Amino acid sequence: MGLAYAYPASRFEPAVLVDLNARAERERLSKSALQGFFRLAEAWKLRDEDSRELLGGLSSSAFYEWKKNPARLLEVDRITRISYLIGIYKALHILYGEPLADQWLSLPNRNRIFAGRTPLAYMLGGGLLAMQTVRKLLEARRGGV
(Lines give C-alpha, C1' and ligand atoms only; values in the text may rest on other atoms or scores of the structure.)
Protein backbone atom coordinates (compact mmCIF):
# COMPACT_ATOMS: atom_id res chain seq x y z
CA MET A 1 0.00 0.00 0.00
CA GLY A 2 2.89 2.33 -0.71
CA LEU A 3 1.29 5.37 -2.26
CA ALA A 4 3.75 7.91 -3.55
CA TYR A 5 2.85 11.56 -3.32
CA ALA A 6 4.33 14.12 -5.64
CA TYR A 7 3.81 17.78 -6.28
CA PRO A 8 2.16 18.58 -9.59
CA ALA A 9 4.44 19.57 -12.45
CA SER A 10 5.24 23.24 -12.49
CA ARG A 11 7.38 25.63 -14.47
CA PHE A 12 8.98 26.79 -11.24
CA GLU A 13 11.98 24.94 -9.96
CA PRO A 14 13.34 25.30 -6.44
CA ALA A 15 16.51 27.32 -6.18
CA VAL A 16 19.67 25.32 -5.81
CA LEU A 17 21.05 25.86 -2.33
CA VAL A 18 24.48 27.42 -2.07
CA ASP A 19 26.90 25.38 0.03
CA LEU A 20 28.48 28.07 2.20
CA ASN A 21 30.83 25.49 3.67
CA ALA A 22 32.51 25.30 0.27
CA ARG A 23 35.40 27.73 0.18
CA ALA A 24 34.88 28.41 -3.54
CA GLU A 25 31.30 29.57 -2.90
CA ARG A 26 32.38 31.86 -0.08
CA GLU A 27 35.15 33.27 -2.27
CA ARG A 28 32.59 33.94 -5.00
CA LEU A 29 30.13 35.67 -2.66
CA SER A 30 32.27 37.47 -0.09
CA LYS A 31 33.29 40.64 -1.91
CA SER A 32 29.82 41.42 -3.29
CA ALA A 33 28.25 40.57 0.08
CA LEU A 34 30.48 43.10 1.85
CA GLN A 35 29.90 45.75 -0.80
CA GLY A 36 26.15 45.23 -0.48
CA PHE A 37 26.36 45.41 3.31
CA PHE A 38 28.22 48.73 3.24
CA ARG A 39 25.66 50.17 0.80
CA LEU A 40 22.72 49.18 2.97
CA ALA A 41 24.49 50.45 6.10
CA GLU A 42 24.84 53.81 4.35
CA ALA A 43 21.20 53.80 3.22
CA TRP A 44 20.05 52.94 6.75
CA LYS A 45 22.46 55.54 8.21
CA LEU A 46 23.90 52.97 10.61
CA ARG A 47 26.58 54.01 13.04
CA ASP A 48 29.85 52.19 12.47
CA GLU A 49 29.50 50.64 15.94
CA ASP A 50 26.11 49.18 15.00
CA SER A 51 27.41 47.99 11.63
CA ARG A 52 30.27 46.20 13.34
CA GLU A 53 27.88 44.52 15.76
CA LEU A 54 25.54 43.41 12.96
CA LEU A 55 28.54 41.78 11.30
CA GLY A 56 29.09 39.72 14.43
CA GLY A 57 31.23 41.92 16.65
CA LEU A 58 33.98 43.04 14.30
CA SER A 59 36.82 45.17 15.68
CA SER A 60 37.15 48.79 14.53
CA SER A 61 40.42 48.19 12.72
CA ALA A 62 39.09 45.15 10.86
CA PHE A 63 35.85 46.99 9.99
CA TYR A 64 37.66 49.92 8.39
CA GLU A 65 40.03 47.59 6.57
CA TRP A 66 37.07 45.61 5.20
CA LYS A 67 35.36 48.83 4.17
CA LYS A 68 38.48 49.98 2.33
CA ASN A 69 39.19 46.57 0.78
CA PRO A 70 36.16 44.23 0.67
CA ALA A 71 38.01 41.56 -1.32
CA ARG A 72 38.38 38.91 1.39
CA LEU A 73 37.00 35.55 2.41
CA LEU A 74 34.09 35.73 4.84
CA GLU A 75 33.05 33.02 7.27
CA VAL A 76 29.66 31.29 6.92
CA ASP A 77 28.27 33.27 9.88
CA ARG A 78 29.09 36.64 8.35
CA ILE A 79 27.74 35.76 4.91
CA THR A 80 24.55 34.50 6.58
CA ARG A 81 24.20 37.73 8.57
CA ILE A 82 24.66 39.84 5.46
CA SER A 83 22.18 37.67 3.57
CA TYR A 84 19.51 38.27 6.22
CA LEU A 85 20.17 42.01 6.19
CA ILE A 86 20.00 42.24 2.40
CA GLY A 87 16.73 40.29 2.50
CA ILE A 88 15.40 42.74 5.10
CA TYR A 89 16.48 45.67 2.93
CA LYS A 90 14.78 44.19 -0.13
CA ALA A 91 11.54 43.41 1.72
CA LEU A 92 11.38 46.92 3.19
CA HIS A 93 11.78 48.46 -0.25
CA ILE A 94 8.99 46.28 -1.61
CA LEU A 95 6.65 47.03 1.30
CA TYR A 96 7.28 50.73 1.84
CA GLY A 97 8.16 53.87 -0.08
CA GLU A 98 11.75 55.06 -0.29
CA PRO A 99 12.06 57.22 2.83
CA LEU A 100 10.19 54.86 5.17
CA ALA A 101 11.98 51.76 3.86
CA ASP A 102 15.34 53.17 4.93
CA GLN A 103 14.05 54.66 8.21
CA TRP A 104 12.01 51.66 9.37
CA LEU A 105 14.91 49.96 11.13
CA SER A 106 15.47 52.99 13.37
CA LEU A 107 11.84 53.73 14.25
CA PRO A 108 10.22 52.44 17.48
CA ASN A 109 7.90 49.57 16.63
CA ARG A 110 4.83 48.41 18.56
CA ASN A 111 4.87 44.91 17.07
CA ARG A 112 4.98 42.33 19.88
CA ILE A 113 8.33 41.11 18.61
CA PHE A 114 9.97 44.49 19.19
CA ALA A 115 8.03 45.56 22.32
CA GLY A 116 8.39 49.27 21.51
CA ARG A 117 12.08 49.05 20.63
CA THR A 118 13.48 49.71 17.19
CA PRO A 119 14.03 46.72 14.91
CA LEU A 120 17.72 47.70 14.91
CA ALA A 121 17.91 47.49 18.72
CA TYR A 122 16.15 44.13 18.58
CA MET A 123 18.67 42.77 16.05
CA LEU A 124 21.66 44.20 17.90
CA GLY A 125 20.48 42.51 21.09
CA GLY A 126 19.43 39.22 19.52
CA GLY A 127 22.08 38.67 16.88
CA LEU A 128 21.64 36.21 14.05
CA LEU A 129 18.36 34.72 15.32
CA ALA A 130 16.83 38.18 15.67
CA MET A 131 17.87 39.03 12.10
CA GLN A 132 16.21 35.82 10.95
CA THR A 133 13.02 36.74 12.85
CA VAL A 134 12.88 40.23 11.33
CA ARG A 135 13.40 38.82 7.87
CA LYS A 136 10.66 36.23 8.38
CA LEU A 137 8.29 38.94 9.65
CA LEU A 138 8.86 41.12 6.61
CA GLU A 139 8.67 38.19 4.20
CA ALA A 140 5.33 37.21 5.78
CA ARG A 141 4.05 40.76 5.34
CA ARG A 142 5.20 40.71 1.72
CA GLY A 143 3.34 37.48 1.14
CA GLY A 144 0.16 38.74 2.75
CA VAL A 145 0.33 36.33 5.68
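These questions and answers cover the core, one helix face and one residue of a predicted model.

The model is predicted: local features need pLDDT of at least 70, side-chain atom pairs count only at pLDDT 80 or more, and totals for chains, interfaces and linings use all residues. Residues are numbered from 1 along each chain as its sequence is written, and side-chain values use heavy atoms, leaving out hydrogens and water.

User: Which element gives the most to the largest nonpolar core?
Analyst: A nonpolar core is a set of buried Ala, Val, Leu, Ile, Met, Phe, Trp, Tyr and Cys residues joined through side-chain atoms within 4.5 Å. The largest has 35 residues. Elements giving two or more residues are α1 (23–43), α3 (60–68), α4 (76–95) and α6 (119–142); helices are DSSP runs of H or I, at least four residues, numbered from the N terminus. With 8 residues, the top contributor is α6.

User: Where do the buried residues of α3 lie around the axis?
Analyst: Buried means under 20% relative accessible area, exposed over 50%, partly exposed in between (1.4 Å probe, protein chains only). In α3, Ala62, Phe63 and Trp66 are buried. Because they cover an arc of only 100 degrees, taken from the directions from the helix axis to the C-beta atoms, they lie on the same side of α3.

User: Is Glu139 buried, exposed or partly exposed?
Analyst: Glu139 sits in helix α6. Leaving out residues up to four places away in sequence, Glu139 touches Gly87 and Ala91, where contact means heavy atoms within 4.5 Å. Its relative accessible area is 29%, so Glu139 is partly exposed.
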